[in-house]
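Here is a walk through one structure, going from a single residue out to the sheet and its charged pairs. Have the coordinates open as you read.

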Amino acid sequence: MTATENPIVNEAPLSFECDLPEPPEKVWRALTEPDLLAAWMMPNDIKAEAGSRFAFAGPDAPIECEVLEAEPGRVLRYSWHQRPDANDRDRFPAFDSIVTFTLARTASGGTHLSVVHDGFVPVAESVLAIAGASCGLSLHARKNPIAANAPCMMLRAA
């Protein structure tokens, strides 16, 4: 059985919105230029074009991503495939999810930024199923504390 055959989706997204004084063009650069993105998130090789694949050098293992949508200055959406290394698999589940950044120019020329990390689907590892055991297993994605201060760190980088 695989996660694709039996996905378990966590319906509680990680999300926040804020108004930034910087224009959308500057915020876009902080989200899409590898050096600027690395300054507030993780080292990466992002290329903000739909269909391009990139990776973050995660603390436990690389996080593999694919750009699903990139509309400069407006929307950046990518898949997030996180697989802990062998030493951390018992502590952190592997999961697939989607990260969406939406930017809108404010009346003052700044940016209204919306960040949503959702669609968490635990990735099934090889599992021994016990028929009729009447038990369940729930995997929950860990929450990344970096996301909470992302706007402040992002703007320092840009």
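Ser79 sits in strand 4, which covers residues 75–82. A quick caveat before going on: this is a predicted model. With a relative accessible area of 7%, Ser79 falls under the 20% cut-off, so Ser79 counts as buried. Its side chain still finds a polar partner, the side chain of His81, at 3.3 Å. Leaving aside residues up to four places away in sequence, Ser79 touches Glu64, Cys65, Glu66 and Leu68, along with Ser97 and Ile98.

Next along the chain is Trp80. With that same sequence filter, the contacts of Trp80 include Met41, Met42 and Phe56. Ile63, Glu64 and Cys65 are also among the residues Trp80 touches, as are Phe95, Asp96, Ser97, Val99 and His117.

Trp80 also turns up in the core. The largest nonpolar core holds 26 residues, and Trp80 is among those that touch the most other members, together with Met41, Phe56, Leu76, Tyr78, Phe101 and Leu113. The elements giving two or more residues to this core include helix 1 (24–32) and helix 2 (34–40). On the strand side, the contributors of two or more residues are strand 1 (14–20), strand 2 (53–56), strand 3 (63–71), strand 4, strand 5 (95–105) and strand 6 (111–122).

Now for the sheet itself. How are the 6 strands ordered in the open sheet? The order is 1-6-5-4-3-2, with antiparallel pairing. Strand 1 and strand 2 are the edges, each pairing on one side only. On average, neighbouring strands are turned by 20 degrees against each other, direction ignored.

Zooming in on one pairing, strand 3 and strand 4 run antiparallel and are joined by 8 bridges. Ile63, for instance, has Gln82 in strand 4 as its bridge partner. Helix 1 packs on this sheet, touching strand 1, strand 3, strand 4, strand 5 and strand 6. The direction of helix 1 makes about 160 degrees with that of strand 5.

On to the charged pairs: the structure holds 5 salt bridges. Three of them are set out here, with the closest N to O distance and the relative accessible area of each partner.

| Basic residue | Acidic residue | N to O distance |
|---|---|---|
| Arg105 (47%) | Glu25 (42%) | 2.4 Å |
| Arg77 (28%) | Glu69 (30%) | 3.5 Å |
| Arg74 (48%) | Glu71 (32%) | 2.8 Å |

Arg105 and Glu25 are a good pair to pick out in your viewer. What does the salt bridge between Arg105 and Glu25 tie together? Arg105 lies in strand 5 and Glu25 in helix 1, so their salt bridge links parts that are 80 residues apart in sequence. Helix 1 also packs on the sheet and touches strand 5.

Are these charged residues buried, exposed or partly exposed? Arg105 comes out partly exposed because its 47% lies between the 20% and 50% cut-offs, and Glu25 is partly exposed as well, at 42%. Arg77 is partly exposed at 28%, and its partner Glu69 is partly exposed at 30%. For the remaining pair in the table, Arg74 is partly exposed at 48% and Glu71 is partly exposed at 32%.

How values were computed. Residues are numbered from 1 along each chain as its sequence is written. This is a predicted model: local features need pLDDT of at least 70, side-chain atom pairs count only at pLDDT 80 or more; totals for chains, interfaces and linings use all residues. Side-chain values use heavy atoms; hydrogens and water are left out. Helices (H or I, at least four residues) and strands (E, at least two) are DSSP runs, numbered from the N terminus. Buried means under 20% relative accessible area, exposed over 50%, partly exposed in between (1.4 Å probe, protein chains only). A polar contact is a pair of N or O atoms within 3.5 Å; within protein, one must be able to donate a hydrogen and the other to accept it, and residues adjacent in sequence count only if both atoms are side-chain atoms. Contact means heavy atoms within 4.5 Å. A nonpolar core is a set of buried Ala, Val, Leu, Ile, Met, Phe, Trp, Tyr and Cys residues joined through side-chain atoms within 4.5 Å. Two strands pair if DSSP finds at least two bridges between them. Axes are lines fitted to C-alpha atoms, for helices over the stretch in contact, and angles run from 0 to 180 degrees between N-to-C directions. A salt bridge is a side-chain nitrogen of Lys or Arg within 4 Å of a carboxyl oxygen of Asp or Glu.
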